[in-house]
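Here's a quick tour for anyone meeting this structure for the first time. Have a look at it, then read on.

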Amino acid sequence: MYRKTYKELLQWKNEAKGKCAIMIDGARRVGKSYIAEEFGKNEYESYILIDFFTAPDEIKELFEKYLSDLDTLFMRVSAYYSVKLHERNTLFIFDEVQFFPRARAAIKYLVADGRYDFIETGSLLSIKKNTQDILIPSEERHLRMNPMDFEEFLLASGNETMFPLIKDCFEKKTPMGQALHRKAMDLFRLYLIVGGMPQAVKEYAESKNFEKVDLIKREILELYRNDIQKHAKGSELKAEAIFDEIPAQLSKHEKKFKLASLKKDARMRDYDDAFMWLKDSRIVNICYNADEPNIALKMNMTRTTLKCYMADTGLLISHAFDENGLVSEEIYKKLLFGKLEVNEGMIFENIVAQMLTANGHKLYFYSQSDNEDSASRMEVDFLITKNKVTSRHNIQAIEVKSMQRYTLSSLNKFRTKYSEYAGTCYVLHTSDFKEDNGIIYLPVYFAALL
């Protein structure tokens, strides 16, 4: 399956020329190992994949004994894996490197040697126990891998024509047209419910069976739950409670995470480590409130006020509808055709958070509560900074609407109050493209291009 990460790996290979390694970071089951091995097969004369989750002790010991004798290290690894090494044309893949941080620390010396290229893959890479005894190498470039985006999903499903059209209409600011917009929305809804986890996408492409897809997604959710229990040391109960509460929190009209639903008198300082663990594991995307919507969103964010989205919306669907342990084919089809009486707002807002994250955006929103002055009370779903910073109008406000009928009172208040800061304002909705009164209305699948 085509992944854009492959193109970024090619760029690294051609630019770095062995002078730095690359670390592919991402959630479990997001496709890191697959893409690294495909890259090794296609772009090098030979490659060696060392999976440190299953690697025997004698392989790990080589990194303890022979870092000062790399000739012996390479000779022994070559003999163990029965792979001939070719100078400047062999790739070493250190898979699941978090299970043996010593190999990650060795990158400094392996890169300095210059004979071979090195790709590392891993999850939970910034968790304290995976870094506390090593010096993180400066010779390590990072590449974050996300769930498959809408374009990758379409290609995996055999559709090569829809996304080029979407991109063309986005760039030219023209409507798709009724028939093509309806088809694009049908495909987007399919992406919503299947999600972007490669195993789930592959299963749908081959079988078109939603229950088989759901079974794969539930296995991934259970894997995440086991990771929380095993690796979130000191925060496992709180992280699991947050994880279980995500669908209920997102289904509310106001999607800010309410700690009181977990425990009476709960304080954010007591749960901050748990949120950070879930974020660092790439299981969730955290969106912070920005008190002042100016160019320095990070400087004005409030860590105590946040929204917590699932990193993959397909997993959110399986996480939310789990009363009977498996989401039925009937429920999937109702979701596909918009016939299920459910708060679709949480699903659409989650997918927009996912798409913005895939495009490299940090997630921020704006919320102001004022019980006495209704004119000051507002909430805007997302804030992003425009590409080219100018002296004014650098913040782009985004509202997500899943219903055909909606109001824009918060967005209009925001534009009035922060006219110095607010640049282009977007409404992502289920209808076609239009511009009206200084607001750009985009079909929600256009969010993949923001």
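How are α9 and α15 oriented to each other: roughly parallel, roughly perpendicular or oblique? They are oblique, because angles under 35 degrees count as roughly parallel, over 145 as roughly antiparallel, 65 to 115 as roughly perpendicular and the rest as oblique.

This is a predicted model, where local features need pLDDT of at least 70 and side-chain atom pairs count only at pLDDT 80 or more, while totals for chains, interfaces and linings use all residues. Residues are numbered from 1 along each chain as its sequence is written, and side-chain values use heavy atoms, leaving out hydrogens and water.

**The helix pair**
- Helix α9 (residues 178-194) packs with helix α15 (residues 329-336) at an angle of about 140°, their axes being 9 Å apart.
- On the α9 side, the contact (heavy atoms within 4.5 Å) uses Asp-186, Arg-189, Leu-190 and Ile-193, and on the α15 side Tyr-332, Leu-335 and Leu-336.
- Five of these contact residues are nonpolar, none polar and two charged.

**The cores**
- The largest nonpolar core (buried Ala, Val, Leu, Ile, Met, Phe, Trp, Tyr and Cys residues joined through side-chain atoms within 4.5 Å) has 106 residues, and Phe-275, Phe-382 and Leu-383 have the most contacts inside it.
- Helix α9 gives this core its largest share, nine residues.
- A second, separate core has 28 residues, including Leu-62 and Phe-74.

**Ala-260**
- You'll find Ala-260 in the loop between α12 (236-250) and α13 (268-280).
- Ala-260 is exposed, at 61% relative accessible area (buried is under 20%, exposed over 50%, partly exposed in between, with a 1.4 Å probe and protein chains only).

Technical notes
Axes are lines fitted to C-alpha atoms, for helices over the stretch in contact, and angles run from 0 to 180 degrees between N-to-C directions. Helices (H or I, at least four residues) and strands (E, at least two) are DSSP runs, numbered from the N terminus. Ala, Val, Leu, Ile, Met, Phe, Trp, Tyr, Cys and Pro count as nonpolar, Asp, Glu, Lys and Arg as charged, and the others, Gly among them, as polar.
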